[in-house]
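Work through the exercises below with the model in view. Try each task before reading its solution.

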Amino acid sequence: MSTPESLRLATRGSDLARRQAAMVAEALENHRYEVELVTVETTGDQIRDELIHRLGKTGAFVRELDERVLEGDVDGAVHSMKDMPTDQPDELVTAAVPERGSPGDVLVTPSGTSIEELPEGATVGTSSLRRRAQLLSRRPDLAVEPLRGNVDTRIEKLLAPTLQAEHERRVEAEKERKGNTGDESFEPEYDRRPEEWFDELDEIERRALEREVEIEYDAIVLAAAGIERSGLDDRVALSRLAPTSFPPAPGQGALAVTARDGELAEAIQDAIDHPRSRVETTVERTLLAELGGGCIAPIGVYALVQGEYVDTTVAVFDSDGEESVVAGRDLPVESHPEASRQFARDLADRGAAALIEAAGRDTGEQPEGK
């Protein structure tokens, strides 16, 4: 085990996970800690072809990291909070919630189209039951298809058909240009030759050109924070989905550092915890826990501290987005945990718990605590 001034933190091995862990490490290093990141491959990373809700248990990306903490191999673990189960081992605490990133989702398309502007019957990719339900609730005509992979891979899958078709057109136009070399009246369709066009493509676009197309997506939905932390927000065309009308997964955009309960956890909290982000995510996760949804349920929650209150929006759906319970409430900051529990109980009485339970039966995933 490391000394208090040096920390070993577990992280998943994906590019995004390592980027996020590096953000936490930098914040701790600014408080004079030495930080070593330890990469752990989780069940969720190993089963690459399964959808999130079919991985067999919530926390597929989390539990192995926390086990390393409990075994004493590392001092703490860095998680995307939206992946965390609402139940934790008694010995573990959420030592810190650093300042939250963008909590909402984005619709990514080749041209920045909004949901309303998508053509009828458009194909949208997502692996999230919540996003699927929200999309179908707003646009029942959409074809929502599964999509897995890291952020880069998902964007490549979206861009591949459009870029490959563009490349073919340019190659054919170049053949036509060469066939009309002696014709002074011939006007080429493109100013640039295919190789010049290729040289100006972004790296992610070049990889998309080489990707085998299985499903042609018109759009995909991703977490805004993941796009931003991957440095892709200014390299793709996206339409931001307002979290008040398209509530995100509870805790989305937030990171969490788990550690054994004790002095070290308190020291980490003192160093990098962001009180407002902790309040907002506590409200969201308390609602999730009380409703018994688990981290994969078709439930969106968005909490925003506004002075003495937490402006909270909740949307619960059935698996196809045909039925929903949507409500908003201002919760007192001073008593936000209990106020969140009462809000959840009221939502359950209005039918939210029944929708979550039905969605669980549809996917074979039992709600947590049930």
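**Exercise 1. A salt bridge and its two ends**

Find the distance between aspartate 141 and arginine 139 in their salt bridge, then decide for each whether it is buried or partly exposed.

Solution.
Step 1. The side chains of aspartate 141 and arginine 139 form a salt bridge, with N and O 2.8 Å apart. A salt bridge here is a side-chain nitrogen of Lys or Arg within 4 Å of a carboxyl oxygen of Asp or Glu.
Step 2. Aspartate 141 has 29% relative accessibility, so it counts as partly exposed. Arginine 139 has 13%, so it counts as buried. The cut-offs are under 20% relative accessible area for buried, over 50% for exposed, and partly exposed in between (1.4 Å probe, protein chains only).

Two notes on the source: this is a predicted model, in which local features need pLDDT of at least 70 and side-chain atom pairs count only at pLDDT 80 or more, while totals for chains, interfaces and linings use all residues. Residues are numbered from 1 along each chain as its sequence is written, and side-chain values use heavy atoms, with hydrogens and water left out.

**Exercise 2. A bridge between two helices**

Locate arginine 207 and aspartate 152, and state how many residues separate them.

Solution.
Step 1. The side chains of arginine 207 and aspartate 152 meet in a salt bridge at 3.0 Å, N to O.
Step 2. Arginine 207 sits in helix α7 (residues 203-209), and aspartate 152 in helix α5 (residues 151-179). They are 55 residues apart, so this pair links distant parts of the chain. Helices (H or I, at least four residues) and strands (E, at least two) are DSSP runs, numbered from the N terminus.
Step 3. Arginine 207 is partly exposed at 28%. Aspartate 152 is partly exposed too, at 23%.
Step 4. Widen the view. Asp152, Glu156, Glu203, Arg207 and Arg211 are linked in a network of salt bridges. The structure holds 30 salt bridges.

**Exercise 3. A bridge within one helix**

Why are aspartate 15 and arginine 18 separated by about one helical turn?

Solution.
Step 1. The closest N and O atoms of this salt bridge are 2.7 Å apart.
Step 2. Aspartate 15 and arginine 18 are 3 residues apart in helix α1, which means about one helical turn between them.
Step 3. Check the accessible area. Aspartate 15 is partly exposed at 45%, and arginine 18 is partly exposed at 36%.

**Exercise 4. Strand order**

Give the order of the strands in the open sheet of 5 strands, and say which stand at the edges.

Solution.
Step 1. The order is β2-β1-β3-β10-β4, with mixed pairing. Two strands pair if DSSP finds at least two bridges between them.
Step 2. β2 (34-39) and β4 (92-96) stand at the edges. Each has a single partner strand, so one side of each has no neighbour in the sheet.
Step 3. Look at one pair. β4 and β10 (residues 255-260) are antiparallel over 4 bridges. Leucine 92 stands opposite arginine 260 in β10.

**Exercise 5. What packs against α1?**

Name the strands that helix α1 lies across, then describe how α1 meets helix α9.

Solution.
Step 1. α1 (residues 15-29) lies across β1 (6-11), β2, β3 (76-80) and β10.
Step 2. The axes of α1 and α9 (residues 263-272) come within 9 Å and cross at roughly 90°. α1 is therefore roughly perpendicular to α9. That label covers 65 to 115 degrees, with under 35 roughly parallel, over 145 roughly antiparallel and the rest oblique. Axes are lines fitted to C-alpha atoms, for helices over the stretch in contact, and angles run from 0 to 180 degrees between N-to-C directions.
Step 3. Val24, Ala27 and Leu28 in α1 meet Ile268, Ala271 and Ile272 in α9. Contact means heavy atoms within 4.5 Å.

**Exercise 6. Leucine 37**

Which residues does leucine 37 contact, leaving aside its neighbours within four places in sequence?

Solution.
Step 1. Leucine 37 lies in strand β2.
Step 2. Its contacts are Leu9, Thr11, Ala21, Ala22 and Ala25.
Step 3. Leucine 37 has 32% relative accessibility, so it counts as partly exposed.
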